Amino acid sequence: MFKALSNPHRLALFERLVRCCTPGTVCSTEVALRHTVGELGKGLDIAPSTLSHHLKELHRAGLVQMQRNGRQIECWVAPATLKRLASLFASE
């Protein structure tokens, strides 16, 4: 899991997916926000094939869920994944 996040581009993609609301507002993790691959790649200045590779690595690590919806591929972080990560950091 952490190996997948060690790459700066994958970390940036994961951070985009987990940001569900603006600072200072309440965010429900029960509803996973979905973004298309094209939306995630905006502003990253990487080739589409590289973007696809990074998303597949995040998916293999169990950090990102993916689903084809017509011509689009939607990506999201499952709330259970966020809870699992939070529990790792909360452990003493």
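**E74 and its surroundings in the β-sheet**

In strand β3, E74 is the bridge partner of T36. The structure is a predicted model. Strand β3 spans residues 72-76 and contains E74. Two bridges connect β3 to β1, and these two strands run antiparallel.

The sheet is open and has three strands. Their order is β1-β3-β2, and the pairing is antiparallel. Strands β1 (35-36) and β2 (65-69) are at the edges. Each has a single partner strand, so one side of each lacks a neighbour in the sheet.

E74 itself has a relative accessibility of 18%. The cut-off for burial is under 20%. E74 therefore counts as buried.

The contacts of E74 were considered without its neighbours within four places in sequence. Seen this way, E74 touches R34, H35 and T36. E74 also touches Q65, M66, Q67 and N69. Two polar contacts involve the side chain of E74. One is made with the side chain of R34, at 3.3 Å. Another joins E74 to the side chain of N69, at 3.4 Å. V37 lies 37 residues from E74 in sequence. The C-alpha atoms of E74 and V37 are 6.4 Å apart in space.

Attention now turns to the nonpolar residues. The largest nonpolar core comprises 16 residues. Those with the most contacts inside this core are L13, F14, L55, L58, L63 and V64. Three elements, α1 (2-5), α2 (8-18) and α4 (48-60), each give two or more residues to the core. Helix α2 gives the most, with four residues.

L55 is among the residues with the most contacts inside the core. Residues up to four places away in sequence are again left out of its contact list. On that basis, L55 touches L13, V37 and L40. M66 and C75 are also in contact with L55. M66 appears in the contact list of E74 as well.

Key: Residues are numbered from 1 along each chain as its sequence is written. This is a predicted model: local features need pLDDT of at least 70, side-chain atom pairs count only at pLDDT 80 or more; totals for chains, interfaces and linings use all residues. Side-chain values use heavy atoms; hydrogens and water are left out. Buried means under 20% relative accessible area, exposed over 50%, partly exposed in between (1.4 Å probe, protein chains only). Contact means heavy atoms within 4.5 Å. A polar contact is a pair of N or O atoms within 3.5 Å; within protein, one must be able to donate a hydrogen and the other to accept it, and residues adjacent in sequence count only if both atoms are side-chain atoms. Two strands pair if DSSP finds at least two bridges between them. A nonpolar core is a set of buried Ala, Val, Leu, Ile, Met, Phe, Trp, Tyr and Cys residues joined through side-chain atoms within 4.5 Å.
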